[in-house]
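Open the structure in your viewer and set it to a cartoon display. The stops below say what to select and what is there.

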Amino acid sequence: MTMNELSILRLVMDTAMLMVIWLVQLVIYPAFRAIERARFIDWHHRYMRTFSFIVIPPMLLQAGIIAFQCIHAPSPAAVASAVAVATAWLTTFTLSVPCHRKLQLLGNTPDWTDRLIHTNWIRTAAWSLAWLLNGFQRG
């Protein structure tokens, strides 16, 4: 694969993550509030299992491409992209996953849903920044 082809694949992965994170932030997580508490735990379990199959491949590809770019075509934009994506991943595993675990255990509780939405802005900003930085990487 050429560097140009890799750059195009990165644009696709960055755009996929941008679309996913904004959909999650503005539609999916706020919709948690509308799911009946009695049905939430089963629904959430299915959501997490299904959504993982959608989001994990682009997350892994994006991170791999950015790491490759940092090693083989280093630039300030590539390094900044790596920091942005690392921030998104760190936030995922230190803030979002624990919120999802609490929601899975306790059901749809306003405090944990609100915490998930509030802390997800970090991931939203980080993946948005990675997408924006891709333009500097390509330019």
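Select helix 1 (residues 3-31) and helix 2 (residues 37-72) in this predicted model. Their axes come within 9 Å and cross at roughly 140 degrees. Angles over 145 degrees would count as roughly antiparallel and 65 to 115 as roughly perpendicular, so helix 1 is oblique to helix 2. Turn the view until one helix lies in front of the other: helix 1 passes helix 2 in a left-handed crossing.

Keep helix 1 selected and add side chains. Which residues form a nonpolar patch on the surface? Pick W22, L23, L26, V27 and W121. Together these residues have about 480 Å² of accessible area. Helix 1 gives the most to this patch, with four residues.

Now pick L23 alone, which lies in helix 1. Is L23 buried or exposed? The relative accessible area of L23 is 43%. Buried means under 20% and exposed means over 50%, so L23 falls in between and is partly exposed.

Next, clear the selection and show the whole chain. How many helices and strands does the protein have? There are four helices and zero strands, and along the sequence the pattern reads α-α-α-α.

Zoom out for the last stop. The C-alpha trace spans about 50 × 25 × 20 Å along its principal axes. Colour the residues by accessible area: of the 139 residues in the protein, 40% count as buried.

Methods
Residues are numbered from 1 along each chain as its sequence is written. This is a predicted model: local features need pLDDT of at least 70, side-chain atom pairs count only at pLDDT 80 or more; totals for chains, interfaces and linings use all residues. Side-chain values use heavy atoms; hydrogens and water are left out. Patches are made of residues with over 30% relative accessible area and no salt bridge: like charges are joined within 9 Å, nonpolar side chains (Val, Leu, Ile, Met, Phe, Trp, Tyr) within 5 Å. Accessible areas come from the Shrake-Rupley method with a 1.4 Å probe; for residues, only the protein chains shown count as cover. A salt bridge is a side-chain nitrogen of Lys or Arg within 4 Å of a carboxyl oxygen of Asp or Glu. Helices (H or I, at least four residues) and strands (E, at least two) are DSSP runs, numbered from the N terminus. Buried means under 20% relative accessible area, exposed over 50%, partly exposed in between (1.4 Å probe, protein chains only). Axes are lines fitted to C-alpha atoms, for helices over the stretch in contact, and angles run from 0 to 180 degrees between N-to-C directions. Angles under 35 degrees count as roughly parallel, over 145 as roughly antiparallel, 65 to 115 as roughly perpendicular and the rest as oblique. A crossing is left-handed if the near helix is turned anticlockwise from the far one by less than a right angle, and right-handed if clockwise.
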